[in-house]
Amino acid sequence: MRRIYDSNALRRDDDPQTPTTTDRSARIQALRWVNSTTLSRHLLPTWLCYRALSITVTTPRTEYPAGTPVPFTVTMKNSLPVPVTIQTNSPVLWMWDISGVSEASHVSLRTPPAESGAFVFARGERKQFHKQWDQSFRVSEREWEPVDPGTYTIGARLNVSDADQKGLYGETTVQIQPA
């Protein structure tokens, strides 16, 4: 093989199969960078963006003694190979609840502004959020009431209208045992 390159035989041939040098002056320049998140926001239908996301809620155990904090993890995953943007009702992008009580509080913690927000997921991205429930419900500004033993549902959803019907809700149940 070395003899062929040393002899310059490839450059002397007039055969059309002979490798030639390329003329770089006529080459098409590379496309400018395109923001794929903005592009997908305008090209992907909303129903497809909803279907691409999955939300799961997990706890290390299913049973906890009374008074023990319950850690939980909320995992959100985009299953598409393109970025996905979800328009939310407010800048608060997602919420969690305990048996339907938002953030385990009967008192409104905050009033989010009326402006909308956007939750952006890169292609195939998985986001994880770690929270903890102290087995109590907030009943006033400074008062917390411990829960009774029983079964409680920990849920998480994106801040969109009818999140559970759109598949943007996940939940798990835990059993609180008497001490």
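Two strands are said to pair if DSSP finds at least two bridges between them. In this predicted model, strand β11 (residues 150-158) and strand β12 pair in the antiparallel sense, and eight bridges join them. That pairing is a convenient place to begin a tour of the structure. Within it, Gly150 stands opposite Ile176 of β12, and Ala156 has Gly170 of β12 as its bridge partner.

Before following the strands further, a brief overview may help. The protein has four helices and twelve strands. Of its 179 residues, 34% are buried. Among contacts with a separation of 6 or more, 71% are made by residues 24 or more positions apart.

The strands β11 and β12 belong to an open sheet of five strands, arranged in the order β2-β12-β11-β5-β6, with mixed pairing. At the edges stand β2 and β6 (101-102), each with a single partner strand, so one side of each has no neighbour in the sheet. In general, the strands of a sheet pair through backbone hydrogen bonds, in either a parallel or an antiparallel way. Both senses can be found here. Strand β2 (residues 63-65) runs parallel to β12 in a pairing of three bridges. In this pairing, Glu63 is matched with Gln175 of β12, and Tyr64 has Ile176 of β12 as its bridge partner. Ile176 is thus a meeting point, since Tyr64 is its bridge partner from β2 and Gly150 stands opposite it as well. Farther along the order, β5 and β11 pair in the antiparallel sense over five bridges. One of the matches there is between Ile98 and Ile154 of β11.

Strand β12 (residues 169-177) also shows two distinct faces. Its covered face consists of Gly170, Thr172, Val174 and Ile176. The uncovered face carries Tyr169, Glu171, Thr173, Gln175 and Gln177. The two bridge partners already met in the pairing with β2 fall on opposite faces, with Ile176 on the covered one and Gln175 on the uncovered one.

Attention now turns to the interior. The largest nonpolar core contains 34 residues, and those with the most contacts inside it are Ile86, Trp133 and Leu158. At least two residues of this core come from each of α4 (46-52), β1 (53-58), β3 (70-78), β4 (84-88), β5 (94-98), β7 (117-121), β11 and β12. Leaving aside residues up to four places away in sequence, Ile86 touches Cys49, Tyr50, Leu53, Gly117, Ala118, Phe119, Leu158 and Val160. Leu158, another of the residues with the most contacts inside the core, is therefore also a direct neighbour of Ile86.Gly117, one of the residues touched by Ile86, is found in strand β7. With a relative accessible area of 12%, Gly117 is buried, because buried means under 20%. Apart from residues up to four places away in sequence, Gly117 touches Ile86, Gln87, Thr88, Ser90 and Pro91. Gly117 and Ser90 are 27 residues apart in sequence, yet their C-alpha atoms are 5.1 Å apart in space.

Ser90 leads on to the largest pocket, whose volume is about 200 Å³. The lining of this pocket is made up of Ser90, Val92, Met95, Ser102, Glu103, Ser105, Val107, Ser108, Leu109, Arg110, Pro112 and Asn159. By class, five of the lining residues are nonpolar, five are polar and two are charged. Ser105, one of the lining residues, lies in the loop between β6 and β7. At 8% relative accessibility, Ser105 counts as buried. Ser105 and Val139 are 34 residues apart along the chain, and 6.5 Å separates their C-alpha atoms.

Two further loop residues deserve a look for their backbone angles. Ala104, in the loop between β6 and β7, has a positive phi of about 55° although it is not a glycine. Ala104 counts as buried, at 1% relative accessibility. Ser99 also has a positive phi, of about 50°, without being a glycine. Ser99 sits in the loop between β5 and β6, and its 39% relative accessibility makes it partly exposed.

Conventions. Residues numbered from 1 in each chain as written. Predicted model: local features only at pLDDT ≥ 70, side-chain atom pairs only at ≥ 80, totals over all residues. Heavy atoms only, no water. Buried < 20%, exposed > 50% of the residue type's maximum accessible area, 1.4 Å probe, protein only. 1 Å grid on protein atoms, 1.4 Å probe; cavity = no way out; pocket = protein on both sides within 12 Å on 5 of 7 lines; lining within 4 Å. Points joined across faces, edges and corners; volume = space filled by probe spheres on them. Nonpolar A, V, L, I, M, F, W, Y, C, P; charged D, E, K, R; others polar. Core = buried A, V, L, I, M, F, W, Y, C linked by side-chain atoms within 4.5 Å. Contact = heavy atoms within 4.5 Å.
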